[in-house]
Amino acid sequence: MTQQIDGQRRVRLNRDRVLQAAVSLADEAGIDELSMRRLGQELGVVPMALYKHVANKEELLDGMVEAIISEIDPAAGGADWKNAVRLRVLSARAVLQRHRWARQVLESRTTQTPAVLGYMDSFIAMFLAGGFSVDLTHHVMHAMGSRIWGFTQELFDDSAGPGRGESIELSPEAQAAVFEEMAARYPNILQVATAASHDGGSVVGHGCDDQFEFEFALDLLLDGFERLHRQGWTSRQAKKAQVKGS
């Protein structure tokens, strides 16, 4: 009976089920715990059975990226370009917050898979549909960078380093000593760091609102893109202006 059940499991195994199981495993245990052996155990199959659906670990990771891209909301139909882009970016950010390992995997990819290229192509389409020139859209995509995926490298972002997510509790006396030293050595940093109210954990300074900071920067970019679009900006004119000004 057990052999019959195991046989049914193998018959039902397909690429989509392998990828969804890998995503779930990474969500629960972390990306560092993901291996073909561990994934096989989760699915109740020998590791060799997985190679019928993914050629190797790298192809598995590419497939996991494909799976999370499918969770991002499609471009809003009928919306103006700015709102469409904003909603798409924030949807991508929500997906990455559900799958904390995804940023690390996205940054590690060395090849542009069809899923990644398709997402980038659809992103470009939103600007072109908004009347942007190909020239401006090219530079817009450079400016957007990783924001199209819902994340960006913050100034004091140590989230990719060892011990990320850990915080050290200091006594009031130790905190006072740290502030005193900061005030003496780095007064401008201290002034900016203490200017805003800090609620909750963050990778930006100590306790800033990550979501607010992300949307603040995103809106600044979108407003800037809109201004350049209305001005009929071209890179050729901008480069000529630079030459004249030098």
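A search of the whole structure finds 13 salt bridges. A salt bridge here is a side-chain nitrogen of Lys or Arg within 4 Å of a carboxyl oxygen of Asp or Glu. Before I go through some of them: this is a predicted model, where local features need pLDDT of at least 70, side-chain atom pairs count only at pLDDT 80 or more, and totals for chains, interfaces and linings use all residues. Residues are numbered from 1 along each chain as its sequence is written, and side-chain values use heavy atoms, with hydrogens and water left out.

Now the chain as a whole. The protein chain has 13 helices and zero strands. Helices (H or I, at least four residues) and strands (E, at least two) are DSSP runs, numbered from the N terminus. Of the 246 residues, 32% count as buried. Buried means under 20% relative accessible area, exposed means over 50%, and partly exposed is in between, with a 1.4 Å probe and protein chains only.

Back to the salt bridges. Side chains of opposite charge can pair when their charged atoms come close. One such pair is R109 with E58, where the closest N and O atoms are 3.0 Å apart. This pair links distant parts of the chain: R109 sits in the loop between α7 (102-108) and α8, E58 sits in helix α5, and 51 residues separate them. Is R109 buried or exposed? R109 counts as buried, because its relative accessibility is 17%. E58 has a relative accessible area of 41%, so E58 is partly exposed.

The next pair is R86 and D219, with the closest N and O atoms 2.8 Å apart. R86 lies in helix α6 and D219 in helix α12, so this salt bridge ties together parts 133 residues apart in sequence. R86 is partly exposed, at a relative accessible area of 23%, and D219 is also partly exposed, at 26% relative accessibility.

Those two helices also pack against each other. Two packed helices are described by the angle between their axes and the distance between the axes. For α6 (residues 81-98) and α12 (residues 210-231), the angle is about 155° and the axes are 11 Å apart. α6 is therefore roughly antiparallel to α12. On the terms: axes are lines fitted to C-alpha atoms, for helices over the stretch in contact, and angles run from 0 to 180 degrees between N-to-C directions. Angles under 35 degrees count as roughly parallel, over 145 as roughly antiparallel, 65 to 115 as roughly perpendicular, and the rest as oblique. The crossing of α6 and α12 is right-handed, meaning that the near helix is turned clockwise from the far one by less than a right angle.

Staying in α12, E226 and R230 meet in a salt bridge at 3.2 Å, N to O. Both residues lie in that helix, four residues apart, about one turn. R230 counts as exposed, because its relative accessibility is 68%. Which residues are linked with E226 and R230 in a network of salt bridges? They are K82 and D223.

A second helix pair is α8 (residues 114-129) and α9 (residues 134-144), whose axes come within 10 Å and cross at roughly 130°. That angle makes α8 oblique to α9. The crossing of α8 and α9 is right-handed.

Last, a residue in a loop. Y51 is found between α4 (47-50) and α5 (57-69). Y51 counts as partly exposed, because its relative accessibility is 36%.
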